[in-house]
Amino acid sequence: MDQYNLVSADGHVNEPPTIWSDRLPSRYRARGPKMVALDEGDAWIFEGWDGAINFGYNAAAGLPVEAVSPWVRWSDVPKRTYEPAERLKALDQSGVDAELLYSTPRIAGGLLASASDPE
């Protein structure tokens, strides 16, 4: 492609529930972030972080306004928010040529809080 006509500069991905348990070295898995089911919806829990981190707004692209909520169940999260092939299809349908993606807001804060023990 010689030129980009439309670039999204503020896309977000949703981290799948097993990303940390599947990818962290085995010695860190027990301390890794966990997705938990709460009354309001699913959320991330991090060691050393006060409170749950919801991700519903990350899954809101393409939803009608009345369906947008900070809380969501993982089973209701569209695959386009976490599977690369589905994301590319959605970008193609929207006419987006390139995209800059960010993790769930506050995930970095949760990771920093849980990194108090560098071993």
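The chain holds 3 helices and 4 strands. Read from the N terminus, their order is β-α-β-β-α-β-α. This is a predicted model.

**Overall figures**

Burial, contacts and surface can be set side by side.

| Property of the chain | Value |
|---|---|
| Share of the 119 residues that is buried | 27% |
| Share of contacts with a separation of 6 or more that join residues 24 or more positions apart | 61% |
| Exposed area | about 7,800 Å² |
| Share of the exposed area from carbon and sulfur atoms | 54% |

**The hairpin**

Strand 2 spans residues 34–37. Its partner is strand 3, at 42–45. The two pair in the antiparallel sense, over 4 bridges. Together they make a hairpin, with 4 residues between the strands. Gly41 sits in the turn and has a positive phi of about 155°. Across the pairing, Ala37 stands opposite Asp42 of strand 3.

In a regular strand, side chains alternate between the two faces of the sheet.

**A nonpolar surface patch**

Past strand 3, the chain enters a loop that lies between this strand and helix 2 (84–94). Tyr57 is found in that loop. Is Tyr57 buried or exposed? Its relative accessibility is 56%, so Tyr57 counts as exposed; the cut-off for exposed is over 50%.

Tyr57 does not stand alone. With Leu63 and Val68, Tyr57 forms a nonpolar patch on the surface. The accessible area of Tyr57, Leu63 and Val68 together is about 280 Å².

Methods:
Residues are numbered from 1 along each chain as its sequence is written. This is a predicted model: local features need pLDDT of at least 70, side-chain atom pairs count only at pLDDT 80 or more; totals for chains, interfaces and linings use all residues. Side-chain values use heavy atoms; hydrogens and water are left out. Patches are made of residues with over 30% relative accessible area and no salt bridge: like charges are joined within 9 Å, nonpolar side chains (Val, Leu, Ile, Met, Phe, Trp, Tyr) within 5 Å. Accessible areas come from the Shrake-Rupley method with a 1.4 Å probe; for residues, only the protein chains shown count as cover. A salt bridge is a side-chain nitrogen of Lys or Arg within 4 Å of a carboxyl oxygen of Asp or Glu. Buried means under 20% relative accessible area, exposed over 50%, partly exposed in between (1.4 Å probe, protein chains only). Contact means heavy atoms within 4.5 Å. Two strands pair if DSSP finds at least two bridges between them.
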